[in-house]
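Hi everyone, thanks for making time for this. I'd like to walk you through one structure today, so let's bring it up on the screen.

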Amino acid sequence: MAAGGSPAAALTGMVQVEEPRGEVQGTPGSSPDPSVAAPSEVPPARPDPTGPETNPESGAAAAGSRGARRFLCGVVEGFYGRPWVMEQRKELFRRLQKWGLNTYLYAPKDDYKHRMFWREMYSVEEAEQLMTLIAAAQEYGIEFIYAISPGLDITFSNPKEVSTLKRKLDQVSQFGCRSFALLFDDIDHNMCAADKEVFSSFAHAQISITNEIYQYLGEPQTFLFCPTEYCGTFCYPNVAQSPYLRTVGEKLLPGIDVLWTGPKVVSKDIPVESIEEVSKIIRRAPVIWDNIHANDYDQKRLFLGPYKGRSTELIPRLKGVLTNPNCEFEANFVAIHTLATWYKSNMNGVRKDVVMTDTEDSTVSIQIKLENEGSDEDIETDVLYSPQMALKLSLTEWLQEFAVPHQYSSRQVAHSGAKTSVVDVPLVAPSSLNSTTVVTTVYQEPIMSQGDSLSSEPPALVKEEEEKKQLDDEPMDMVVEKQEDADKNINQILTDISEAKMSEELKPMDTDKESIAESKSPEMSMQDDCGSDIAPMQTDEQTNKEQFVPGPHEKPLYAVEPVTLEDLQLLADLFYLPYEHGPKGAQMLREFQWLRANSSVVSVNCKGKDSEKIEEWRARAAKFEEMCNLVMGMFTRLSNCANRTILYDMYSYVWDIKSIMSMVKSFVQWLGMFYRNQL
């Protein structure tokens with residue numbers, strides 16, 4: 001089916017699928033560059049498991065003396081838009097560990113110091129946050145990969161730029177990070193004049209700095225490189241003949257892994273043949289940066305369908321898979337859970353032609369067999385993994401989360417920049433203005449790396465010195481008078497507050513509201529309202545009031561219904577995947593299209609000539625209205641769920657689908673209005 005968002009959006013004709021990021025870049029140069037040393041032969045410690053002369057079935061033994069081949073599988077936070085907060089990332093680590101995944105790649109495009117201002121060092125506050133995040137990942141056994149994206153404005157031939165990049169990664173290394181990634185995605189393909197004098201092509205410039213950084217960091221076990229041509233459609237003229245990718249394969253050191261999104265930026269399918277093609281030219285197995293669930297290119301769309309279109313046959317041909325999911329954190333339960341099911345179904349790299357014995361643990365395969373028995377759906381071609389079964393497993397587990405009351409304490413995003421302190425300073429205004437002006441003074445702490453000296457004075461001391469300097473410049477009598485007035489005002493305010501509190505506590509309790517109102521001035525009443533620690537209301541614990549029970553002819557009390565598995569299945573079908581709708585969503589589209597196409601049988605011109613067709617139209621219209629009512633009920637139950645964190649991340653989407661379905665339902669009712677009026 002053609003790509004689309006929600007079926008409701010398709011009903012209104014507003015869905016258009018476009019390539020979500022970037023444009024096809026210019027042709028990279030391909031001449032040899034003496035400034036880029038060719039890598040030495042692949043050492044036995046880390047041979048390439050998917051090179052043209054490598055047996056693809058020997059993937060598990062390809063790591064040599066480095067140990068068993070480690071498959072990176074997890075999440076990349078690499079979308080455009082508001083980054084996740086620290087509490088969400090820690091929850092992600094918990095889920096990754098629970099589901100058997102192992103990797104988190106930190107690459108939020110809107111972290112300014114990751115991309116736009118990559119040269120700036122992290123402040124003390126930011127350093128503490130990153131150190132805490134890296135420690136949390138280690139606590140859950142998750143490999144934390146820090147990515148930096150300097151490609152927007154770096155001059156590759158400038159040694160100072162290279163030194164700045166090294167210093168930035170040195171700082172992150174001091175935070176406890178041991179795995180890194182250098183990203184050159186979504187950037188201009190042209191070099192500046194200075195780089196053209198040194199490098200023969202854009203690829204040579206990128207490979208030169210990547211190899212140097214990799215060796216400077218001590219050749220980390222995990223080091224990722226994202227090329228500018230990171231998918232098939234970006235390769236000129238094609239993948240197999242791309243000079244850019246050929247340079248990457250020839251010059252990039254063998255210990256560096258390459259990120260790849262598949263045939264497209266958002267790939268519907270990633271065929272085995274396409275991976276074999278790109279592996280041949282880059283001379284290594286790629287790591288998939290998977291955008292199948294990414295929605296940053298269209299914020300009216302959400303993707304709750306299963307991990308699909310990637311055969312488990314890919315696993316022995318890849319170094320890893322990292323999903324770049326929805327911007328809304330809580331909407332990614334299905335995306336990550338089904339990825340874990342996909343990975344675990346063939347985590348040992350078993351080929352299709354290898355028959356599993358009865359003694360091997362194949363719980364997922366057994367469940368898939370049972371699921372497919374007696375089912376009307378087509379049996380999946382992948383015998384090890386069923387997307388529909390994986391979806392059902394994930395929704396069943398996700399359902400439990402909706403009943404758990406939860407709400408994040410803060411929705412603020414960790415910002416990049418120096419920590420600031422804000423002080424409101426009231427100034428004495430001229431008498432003619434009869435007002436008070438407030439000036440906000442911002443004191444900025446210096447941006448410091450982990451290794452910088454901490455001997456600088458804190459902002460409070462700087463503020464005191466500035467005030468002292470201002471006072472020294474004023475006449476002595478003015479300073480004394482100002483200080484005495486300030487002390488007098490402060491003491492008077494404290495005395496007034498204390499007396500008011502004491503007199504209030506010593507007064508006998510008076511239940512007469514009028515006498516209380518008369519005994520207090522408006523100013524005191526306002527002060528009490530603003531400063532009282534006890535809210536002027538009674539709680540359920542303070543009252544013995546019986547619960548209201550409506551009479552026999554009165555409206556019944558509103559009852560909250562829990563979210564059901566059917567609700568989540570419907571929700572997933574309505575917000576499925578970029579290129580297809582779920583079964584129920586597709587059914588709604590078909591029914592609506594049929595009703596609209598055959599509405600002439602109930603129109604004013606038909607006058608009830610064909611009763612059989614009229615009855616069919618009425619029956620299908622009633623069925624469609626029931627489908628619309630299911631969406632309304634789903635919306636109501638989701639809106640009342642205990643877990644507000646999940647609701648708030650998805651509320652705009654479920655509200656939109658509910659509103660559109662309500663409109664479409666009314667439209668169908670309007671189509672059949674003439675015939676109903678004739679009855």
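I'll go through the salt bridges, then the cavities, then a couple of spots on the outside.

One thing before we start: this is a predicted model.

Let's begin with the charged pairs. Searching the whole structure turns up 22 salt bridges. Take Arg 89 and Glu 77, whose side chains meet with N to O at 2.8 Å. Arg 89 sits in helix H2 and Glu 77 in strand S1, so this pair ties together parts that are 12 residues apart in sequence. Are these two buried or exposed? Arg 89 has a relative accessible area of 2%, so it counts as buried, and Glu 77 is buried too, at 0%.

Next, please find Lys 109, which forms a salt bridge with Asp 185; their closest N and O atoms are 3.3 Å apart. This one links distant parts of the chain, 76 residues apart: Lys 109 is in the loop between S2 and H3, and Asp 185 in the loop between strand S4 and helix H5. Both Lys 109 and Asp 185 are buried.

A third pair is Lys 319 with Asp 257, at 3.0 Å between the closest N and O atoms. Here Lys 319 comes from the loop between strands S7 and S8, while Asp 257 belongs to strand S6, 62 residues apart. Lys 319 is buried at 11% relative accessibility, and Asp 257 is buried at 4%. There is also a network of salt bridges, made up of Glu 91, Arg 94, Arg 95 and Glu 330.

Now for the empty space. How many cavities of 30 Å³ or more are there? The count is two. The largest holds about 90 Å³. It has 13 lining residues, and among those closest to its centre is Asp 185, along with Tyr 230 and Trp 289. That lining is mixed, with six nonpolar, three polar and four charged residues.

The second largest cavity holds about 40 Å³. Its lining has eight nonpolar residues, no polar and no charged. Helix H19 gives the largest share, five residues, and the lining includes Phe 402 and Leu 638.

Finally, the outside. Tyr 112, Met 116, Phe 117 and Leu 152 form a nonpolar surface patch, together offering about 400 Å² of accessible area. Met 116 lies in the loop between strand S2 and helix H3, and it is partly exposed because its relative accessibility is 46%. Asn 348, in the loop between helices H9 and H10, is exposed at 67%.

Thanks, everyone!

Notes: Residues are numbered from 1 along each chain as its sequence is written. This is a predicted model: local features need pLDDT of at least 70, side-chain atom pairs count only at pLDDT 80 or more; totals for chains, interfaces and linings use all residues. Side-chain values use heavy atoms; hydrogens and water are left out. Patches are made of residues with over 30% relative accessible area and no salt bridge: like charges are joined within 9 Å, nonpolar side chains (Val, Leu, Ile, Met, Phe, Trp, Tyr) within 5 Å. Accessible areas come from the Shrake-Rupley method with a 1.4 Å probe; for residues, only the protein chains shown count as cover. A salt bridge is a side-chain nitrogen of Lys or Arg within 4 Å of a carboxyl oxygen of Asp or Glu. Helices (H or I, at least four residues) and strands (E, at least two) are DSSP runs, numbered from the N terminus. Buried means under 20% relative accessible area, exposed over 50%, partly exposed in between (1.4 Å probe, protein chains only). On a 1 Å grid over the protein atoms alone, a cavity is a set of points where a 1.4 Å probe fits but cannot get out, and a pocket is an open set with protein on both sides within 12 Å along at least five of seven lines; lining residues have an atom within 4 Å of a point. Grid points are joined across faces, edges and corners, and a volume is the space filled by probe spheres set on the points. Ala, Val, Leu, Ile, Met, Phe, Trp, Tyr, Cys and Pro count as nonpolar, Asp, Glu, Lys and Arg as charged, and the others, Gly among them, as polar.
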